[in-house]
There are 2 protein chains.
Amino acid sequence: MTDKPRLVQVRENVLKHNDVLARELRQKFHDAGVFVVSLVSSPGSGKTAFLEKTLSALHGKYRVAALVGDLATDNDAERLARSNAPVKQIVTGTVCHLEAAMVENALDDWNLPELDFLFIENVGNLVCPSSYDLGEDLRLVLMSTTEGEDKPLKYPTIFNTADVSVITKIDIADAVEFDLAKAKNSIQSVRPGMRIFELSAKSGAGMDEWLEFLQSKSAKTVLASG
Amino acid sequence: MTDKPRLVQVRENVLKHNDVLARELRQKFHDAGVFVVSLVSSPGSGKTAFLEKTLSALHGKYRVAALVGDLATDNDAERLARSNAPVKQIVTGTVCHLEAAMVENALDDWNLPELDFLFIENVGNLVCPSSYDLGEDLRLVLMSTTEGEDKPLKYPTIFNTADVSVITKIDIADAVEFDLAKAKNSIQSVRPGMRIFELSAKSGAGMDEWLEFLQSKSAKTVLASG
């Protein structure tokens, strides 16, 4: 017995179960030599546009694929499929985040050793995904210039659980009076030393630096470019 | 005994408890003659700017106050306090939504009959708040022109539990290539007949229509303007 309230107990068990599955997934990804990147952000911050550009840039040179989570619709999978990479939609219903089990199920009929990069786009939400490890190697948290500079301060947990920040829609920064220095300060005050990319999927600005960083992470860089 | 999984059972109990509290709150609001409006949206959609303008416009003519929910910081309460209306911050920690009990606690030392309008700004999240009734008379779901036109399709539950839609940041619609007709279609396909306001807190466009609608809802309209 424990003094903890029942809901807290049940939540902890669910999270522990997720952690065990995520650890197994991470091992599986590692064994297969696939580098796994997850993306979290608010709804509408430009995750899908950014991912579409990333997939298109890597496709041909690397073997890439994506899973994409949404409460409803397969709009994002349709958009991402334009990159010609294999894409699968995970529909979560009313669940506000992806879980390791959903990722595992979605990967069921994919042969992981045939992939160099796997991208997992989470449900648009700056709160819930922070608690769920998906076995990824790298977690990106995206924020757009339209959302205001204080989002890291208001949603510190998600920035703390992420490895890299991406500031999107930098092409309209002036139009929305975005203060880049202030946004960077917000990020650094929550997560000192965090790597930050500033880019625009639309104009292409900053994409090269991001793609270079990403390619340096793949174990198959030499193989793929050789 | 029931066949439902334990987590589902516990969640249902939590939600039922919230519904009971919300019903009591709604009765209390009704008895006090205060009209209660809640606001839900993604992070960064402009809820606080919109609310600040609304409070400033009503303050003096009506007795207005606001509660504002965030995981961390009291930035929003500080911003809203510039309207000179009484404002209280609810810090939720890691909880992704407001609950009726949080609202009840925050109102503890306020005298409701002295208010005409109470606004409750929820945590920035298009998923979790949909399940929690706060006893409000009117729930607004906001989406900004920067988020894309498909958000109602991807987050249908929150649009279904709201009474009115507000499209914000209409002043930069052209800069972000926002398709208003497409967005309205998305809303109407999820919630046919839903009232939609298009406005900009920054330019003031559309604010008059919204304020007129809001004032028509107050039981104290005649009293306050007489």
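In which hand does α2(B) pass α8(B)? In this predicted model, the crossing turns out to be right-handed. Helix α2 covers residues 47-58 of chain B, and its axis runs 11 Å from that of α8(B), at a packing angle of about 65°. On the α2(B) side, the residues at the meeting point are B:Phe50, B:Lys53, B:Thr54, B:Ala57 and B:Leu58. Facing them from α8(B) are B:Met207, B:Trp210, B:Leu211, B:Leu214 and B:Gln215.

One of those residues, B:Trp210, turns up again in an aromatic pair. The rule used for ring pairs gives 14 of them over all chains. In chain A, the rings of A:Phe35 and A:Phe117 sit with their centres 6.1 Å apart and their planes at 85°, so this pair counts as edge-to-face. A:Phe35 belongs to strand β1 (residues 35-41) of chain A and A:Phe117 to strand β4 (residues 117-121) of chain A, so the contact ties together parts that lie 82 residues apart in sequence. Both A:Phe35 and A:Phe117 are buried. In chain B, B:Phe197 and B:Trp210 also make an edge-to-face pair, at 5.8 Å centre to centre with 75° between the planes. Here the link runs from strand β7 (residues 195-198) of chain B, home of B:Phe197, to helix α8 (residues 207-215) of chain B, home of B:Trp210, with the two positions 13 residues apart in sequence. B:Phe197 and B:Trp210 are both buried. Back in chain A, A:Phe35 and A:Phe117 join A:Tyr62 and A:Phe119 in one aromatic cluster.

Now for the sheet. In chain B, 7 strands make an open sheet with parallel pairing, in the order β3-β2-β4-β1-β5-β6-β7. At the edges are β3 (87-91) and β7 of chain B, each of which pairs on one side only. From one strand to the next, the twist averages 20°. Further in, strand β1 (residues 35-40) of chain B pairs with strand β4 (residues 117-121) of chain B over 5 bridges, in the parallel sense. Within that pairing, B:Leu39 has B:Glu121 in β4(B) as its bridge partner. Helix α7 (residues 180-190) of chain B packs on the sheet and touches β5 (138-144), β6 (164-168) and β7 of chain B, with its direction at about 150° to that of β7(B). As for α8(B), this helix lies across β1, β4, β5, β6 and β7 of chain B and runs at about 140° to β7(B).

Strand β2 (residues 64-70) of chain A gives a look at how covered a strand can be. Here 7 of the 7 residues are buried, so β2(A) is largely enclosed by the rest of the structure. The cover extends to both faces: A:Val64, A:Ala66, A:Val68 and A:Asp70 are buried on one side, and A:Ala65, A:Leu67 and A:Gly69 on the other. As background, side chains in a regular strand alternate between the two faces of the sheet. β2(A) pairs with β4(A) in the parallel sense over 5 bridges, and A:Val64 stands opposite A:Phe117 there. β2(A) also pairs with strand β3 (residues 87-91) of chain A, again parallel and over 5 bridges; A:Ala66 has A:Val87 as its bridge partner in β3(A).

Finally, the two chains themselves. A turn of 180° with a shift of 0.0 Å along the axis lays chain B on chain A with an RMSD of 0.0 Å, which means the relation is that of a two-fold axis. The same surface serves both copies, with 100% of the contact residues of chain B recurring in chain A.

Notes: Residues numbered from 1 in each chain as written. Chains lettered and ligands numbered in written order. Predicted model: local features only at pLDDT ≥ 70, side-chain atom pairs only at ≥ 80, totals over all residues. Heavy atoms only, no water. Least-squares fit on C-alpha atoms with pLDDT ≥ 70 in both. Contact = heavy atoms within 4.5 Å. Phe/Tyr/Trp six-rings, centres within 6.5 Å; stacked < 30°, edge-to-face > 60°. Helix = DSSP H or I, 4+ residues; strand = E, 2+ residues; numbered from the N terminus. Buried < 20%, exposed > 50% of the residue type's maximum accessible area, 1.4 Å probe, protein only. Pairing = 2+ DSSP bridges. Axes fitted to C-alpha atoms, helices over the stretch in contact; angles between N-to-C directions. Left-handed = near helix turned anticlockwise from the far one by under 90°.
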